Amino acid sequence: MKIRYSDIKKIIVDFSQYYQAASELWKASICYFLCSFLQKGISVLTTPIFTRLLTTEEYGEYVLFTSWADVLGIFITFGLATSVYQKKLVEIAEEKERDIFTSSLIGLMMTLAVISFILYYIFHNPLNRWLNLSTDRIIAIYISSVVSAGFGFWAMRQRVDYRYKKLIMLTLFITFCKPIAGIVCIYLFPEYKVLAKIYSLVVVEVIGYISLLVFQIRKGKIVYCKKYWKYALAYVIPLIPHYLSQRVLSQSDRIMISHLSGPDAAGIYGLANSAGMILNLLLAPSDSTIAPWIYKKIHDRNYNRIYQFSIYPILIMALICLIFISVAPELIRFFAPESYYEGSYLIPPFAISTYFMLIYCFFIYFEYYYEKTVYVMIATVSSALLNIILNYIFIKYVGYEAAAYTSLFCYIACAFFHYLVMKKICRENGICEPVYNTKIIVAVSVLLMGSGIAITAFYNYILLRYFIIFSIATGIVIFRKKIYVVIKDCIEKI
């Protein structure tokens, strides 16, 4: 059964009509979705270039740098450009006061960065040995963190005011420039490939973001405001364990592999993780779209609608994960040369981890809505600690491949914890009816894990794997009209 041109045209026309009739909020959301998708997509699609320009050891060194940059950024900037800034920005009505708030938070961020750098410089020798990074790379992390935070303040203000055009143009420009600069610098300095790749990123960020940092300081004029500094620190310090645990949960495996198994293993693991990030391209935008709808239904106490709707994105994500796992060997071959091929066996746990991220997002909405964020912190901190312990045990005695499965176990444990918390919140707020179809969720989860891991046994049988994909694709084509009606219904309800 073939797909007609009229079907495709109807979808495009419907989407165009929805966009034209949409509010500024929805137009901004759609544009941010596309921008985020392109930004992460370009990053993922340029990975095959760098895995061929760098050896597995060199790529492992770069993975270690980016992992530590993600973690140390929390200590350098305290995440001031995120939730604390957004929350207060919405509350402040006057533009001039917004400018003062922005410049004062930038002043606080730079002060914290200077203090942390002084502490680093005092203890730089033992810290360098522990981090397995040289001083010049640590300095690169500091520069990148500060200028990126400057961009973060500006970008957040654009989002709050729905001024998305300049933000999208700058974001995409920087996104395109980074890989181009990296390739050029690697060719210009072939003896220092890793440093060339690192410095090229930092230089692009400095050129692109430094003017925004200066502009916001000059516009606000005030870099110290006791009221705003006190407010920001009181708000953000309790969240540091949560922010840090999020980074540790996502980055600790690569850091520990580099220490316990060497940069070669970290490079292969990092490559497989980058390939697995393709599924994250769907997760983040989906979360930002579904969350407001869930909150509205909770407010309206329309739990039956949540019960009916939630199963569709879960089934779709499970189906996409299954297809993704089936093509893992070909995916790794596209991303990297033969020295990385063993990474294909890490794709299943990475893909299934993304599925469980979606699952716990559905549970966590109730925690956010009823302002029980302490449970969010407990879950992330506990999961991060559990991940570190399991990684240390299993990487050391089983091998670096075990890290992918320990991460999957931690995401499953995190989802189960949030489920228990959600049930507790429902009892406390008199919600007696089921809000999610837990039987279906458990059944789909078990089937996905079983079939996903089982498919790895057939990685050497390409015809069998592609028969599975063909069967799924045939089913989608046959039931395309029903699928279209379901998706359209979901969009209209949202």
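**Exercise 1: the cores**

Work out which residues I294 is in contact with, leaving aside its neighbours within four places in sequence, and then place I294 in its nonpolar core.

*Solution.* Start with the contacts, meaning heavy atoms within 4.5 Å: I294 meets I306, F362, Y365 and Y436. Before going on, a word on the ground rules. This is a predicted model, so local features need pLDDT of at least 70 and side-chain atom pairs count only at pLDDT 80 or more, while totals for chains, interfaces and linings use all residues. Residues are numbered from 1 along each chain as its sequence is written, and side-chain values use heavy atoms, with hydrogens and water left out.

Next, the core. A nonpolar core is a set of buried Ala, Val, Leu, Ile, Met, Phe, Trp, Tyr and Cys residues joined through side-chain atoms within 4.5 Å. Buried is under 20% relative accessible area, exposed is over 50%, and partly exposed sits in between (1.4 Å probe, protein chains only). The largest such core has 84 residues, and I294, Y355, F366 and Y436 have the most contacts inside it. Helix α16 (residues 347-369) gives this core its largest share, 16 residues. A second core of 48 residues is separate, with I106, L108, A149 and V194 among its members.

**Exercise 2: the whole chain**

Describe the protein chain by its helices and strands, burial, contacts and surface.

*Solution.* Helices (H or I, at least four residues) and strands (E, at least two) are DSSP runs, numbered from the N terminus. On that count the chain has 21 helices and 0 strands. Then burial: 49% of its 494 residues count as buried. For contacts with a separation of 6 or more, 83% come from residues 24 or more positions apart. Last, the surface: about 24500 Å² is exposed, and carbon and sulfur atoms supply 70% of that. Those areas come from the Shrake-Rupley method with a 1.4 Å probe; for residues, only the protein chains shown count as cover.

**Exercise 3: two charged-residue sites**

Is E205 buried or exposed, and which side chains does the side chain of E205 make polar contacts with? Do the same job for R137.

*Solution.* E205 sits in helix α10 (residues 193-220). Its relative accessible area is 9%, so E205 counts as buried. Now the polar contacts: these are pairs of N or O atoms within 3.5 Å; within protein, one must be able to donate a hydrogen and the other to accept it, and residues adjacent in sequence count only if both atoms are side-chain atoms. The E205 side chain pairs with the side chain of S144 at 2.6 Å and with that of K178 at 2.9 Å. Beyond neighbours within four places in sequence, E205 is in contact with S144, V147, S148, K178 and I210.

Over to R137, in helix α8 (residues 135-160). With 14% relative accessible area, R137 is buried too. Its side chain joins that of E61 through a 3.4 Å polar contact. Not counting residues up to four places away in sequence, R137 touches E61, F65, V194, L195 and I198.

**Exercise 4: a link across the sequence**

How many residues apart along the chain are L249 and Y411, and what separates their C-alpha atoms?

*Solution.* Locate L249 in helix α12 (residues 240-260). At 8% relative accessibility, L249 is buried. Y411 is 162 residues away along the chain, yet the two C-alpha atoms are 9.1 Å apart. Leaving out neighbours within four places in sequence, the contacts of L249 are S383, A384, N387, C410 and Y411.

**Exercise 5: kinks and positive phi**

Find where α4 and α10 kink, and which residue just after each helix takes a positive phi.

*Solution.* Check the spans first, where the expected value is 1.5 Å times one less than the number of residues. Helix α4 (residues 56-77) has 22 residues and reaches 31 Å from first C-alpha to last, close to the expected 32 Å. α10, with 28 residues, reaches 40 Å, close to the expected 40 Å.

For kinks, the bend at a residue is the angle between axes fitted to the seven residues ending there and the seven starting there. α4 kinks by about 30°, centred on V71; α10 kinks by about 40°, centred on Y209.

Finally, the phi values. Just after α4, F78 takes about 60°, although F78 is not a glycine. F78 lies in the loop between α4 and α5 (83-91). Just after α10, K221 has a positive phi of about 70°.
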